[in-house]
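Morning, everyone. I have one model to go through, and I will keep it short.

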Amino acid sequence: MSGVAIACLTLLLASSSLTLLYAYRNKALVDRSIAVDTLVAFIVCGLLVSAAWGRDGLDIDLALLIGVLGFLGTVTVARFIERRGP
């Protein structure tokens with residue numbers, strides 16, 4: 001189990017690094033919003049892998065909380081972009 005968890009966390013770290021590079025290179029608000037939403041998804045996935053590896057229920061609660069906050073942030077930015085325009 002630990003080998004699979006380490007492989008998953010390594011791939012999540014690599015993809016998070018590429019997402020940060022994407023957010024740094026693109027200056028548009030829409031692109032950065034997508035990148036931040038993707039990073040939130042990677043953080044939630046990392047917490048869930050950690051919960052499966054350590055068999056800790058607190059990580060699941062934290063992942064749900066961060067997922068909901070990420071969703072609300074994405075909806076807020078989308079409404080702002082809709083009103084303001086791209």
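I will start with the helices, then turn to the cysteines, the aromatic rings and a few single residues.

This is a predicted model, so keep that in mind throughout.

Helices, then. Helix α1 covers residues 2-25, and helix α2 covers residues 29-54. How do α1 and α2 pack, and at what angle? The angle is about 165°, and the two axes are 9 Å apart. Angles over 145 degrees count as roughly antiparallel, and that is why α1 is described as roughly antiparallel to α2. As for handedness, α1 passes α2 in a left-handed crossing. There is also helix α3, residues 57-84.

Next, the cysteines. How many disulfides does the structure hold? Zero. Take C8: the nearest cysteine sulfur belongs to C45, and it is 9.5 Å away. The cut-off for a disulfide is 2.5 Å between the sulfur atoms, so C8 and C45 do not qualify at 9.5 Å. From the other side, C45 is in no disulfide either, and its nearest cysteine sulfur is that of C8. Are these cysteines buried or exposed? C8 is partly exposed, with a relative accessible area of 32%. C45 is partly exposed too, at 37%. For anyone who wants the chemistry spelled out, a disulfide is a covalent bond between the sulfur atoms of two cysteines.

On to the rings. Aromatic pairs: the structure holds zero. There is a contact between a charge and a ring, though. Which residue has its charged end over the ring of Y24? That is K27, and its charged end is 5.1 Å from the centre of the ring.

Now two residues for orientation, beginning with S2. S2 lies in helix α1. Its relative accessibility is 39%, so S2 counts as partly exposed. How far is S2 from R55, C-alpha to C-alpha? The separation is 12 Å, with their positions 53 residues apart along the chain.

The other one is R83, which is found in helix α3. R83 is exposed, with a relative accessible area of 68%. If you compare positions, R83 and V44 are 39 residues apart along the chain, and their C-alpha atoms are separated by 29 Å.

To recap, α1 and α2 are roughly antiparallel, the crossing is left-handed, and the structure has zero disulfides and zero aromatic pairs. K27 sits with its charged end over the ring of Y24. That is what I have; questions are welcome.

Note on methods. Residues numbered from 1 in each chain as written. Predicted model: local features only at pLDDT ≥ 70, side-chain atom pairs only at ≥ 80, totals over all residues. Heavy atoms only, no water. Phe/Tyr/Trp six-rings, centres within 6.5 Å; stacked < 30°, edge-to-face > 60°. Lys NZ or Arg CZ within 6 Å of the ring centre and 35° of its normal. Buried < 20%, exposed > 50% of the residue type's maximum accessible area, 1.4 Å probe, protein only. Axes fitted to C-alpha atoms, helices over the stretch in contact; angles between N-to-C directions. Helix = DSSP H or I, 4+ residues; strand = E, 2+ residues; numbered from the N terminus. Parallel < 35°, antiparallel > 145°, perpendicular 65-115°, else oblique. Left-handed = near helix turned anticlockwise from the far one by under 90°.
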